[in-house]
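Student: I am new to this structure and would like to understand the terms used to describe it. May we go through them one by one?

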Amino acid sequence: VSEGTNFVVSFSPKVYGKLYQAKLIVETEEMQWSYQVLADLPRYEPPRAAGKVDTWIPAEVDPDVYKTLLPPQNYMQQNLQSVRTSGAGSILRSPMRASPKRNTSL
């Protein structure tokens, strides 16, 4: 009894997702063996690599978090107070005057 001869069968597919069939014939001086070989590609799994760029923003720099750290402001009230204290309120309450029309024709 002999141990036999090892051999490797490999193939290069032309189309992914197709089932390949072939007939393998092993022939010696004394015997002949035939095998039906079915070949299918392994399921494709995309590579899983770690990101090379940090995509997180520290909490102290994140605008949404930073806004919550600031005290709330009432801009309408601040504007009204600045108008009252600057004296600009009298200008705003004064009636508008029509400006004289300019003669642009020469």
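Tutor: Certainly. From the N terminus on, the elements of the protein chain follow the order β-β-α-α-α, which amounts to three helices and two strands. Please keep in mind that this is a predicted model.

Student: Why is Met-31 called partly exposed?

Tutor: Its relative accessible area is 44%. Buried means under 20% and exposed means over 50%, with partly exposed in between; therefore Met-31, at 44%, is partly exposed.

Student: Where in the protein chain is Met-31 found?

Tutor: Met-31 belongs to the loop between strand 1 (20-27) and strand 2 (32-39).

Student: What makes Met-31 eligible for a surface patch?

Tutor: A patch residue needs over 30% relative accessible area and no salt bridge. The 44% of Met-31 satisfies the cut-off for area. Together with Trp-33 and Tyr-35, Met-31 forms a nonpolar patch with about 310 Å² of accessible area.

Student: Which residues line the largest pocket?

Tutor: The lining consists of Ser-2, Gly-4, Thr-5, Phe-7, Val-26, Thr-28, Glu-30, Met-31, Trp-33 and Tyr-35. The space in this pocket is about 230 Å³.

Student: How do you know which class Glu-30 and Gly-4 belong to in that lining?

Tutor: Glu counts as charged and Gly as polar, so Glu-30 is charged and Gly-4 is polar. By class, the lining of the largest pocket has five nonpolar, four polar and one charged residues.

Student: What is the volume of the second largest pocket, and which strand gives the most to its lining?

Tutor: The volume is about 160 Å³. Strand 1 gives the most to the lining, with five residues, and strand 1 and strand 2 each supply at least two.

Student: How is the lining of the second largest pocket divided by class?

Tutor: Seven of its residues are nonpolar, two are polar and one is charged. Lys-23 is among the lining residues, and Lys counts as charged.

Key
Residues numbered from 1 in each chain as written. Predicted model: local features only at pLDDT ≥ 70, side-chain atom pairs only at ≥ 80, totals over all residues. Heavy atoms only, no water. Patch = residues over 30% accessible without salt bridge, like charges linked within 9 Å, V, L, I, M, F, W, Y side chains within 5 Å. Areas by Shrake-Rupley, 256 points an atom, 1.4 Å probe, with all protein chains shown as cover. Salt bridge = Lys/Arg side-chain N within 4 Å of Asp/Glu carboxyl O. Helix = DSSP H or I, 4+ residues; strand = E, 2+ residues; numbered from the N terminus. Buried < 20%, exposed > 50% of the residue type's maximum accessible area, 1.4 Å probe, protein only. 1 Å grid on protein atoms, 1.4 Å probe; cavity = no way out; pocket = protein on both sides within 12 Å on 5 of 7 lines; lining within 4 Å. Points joined across faces, edges and corners; volume = space filled by probe spheres on them.
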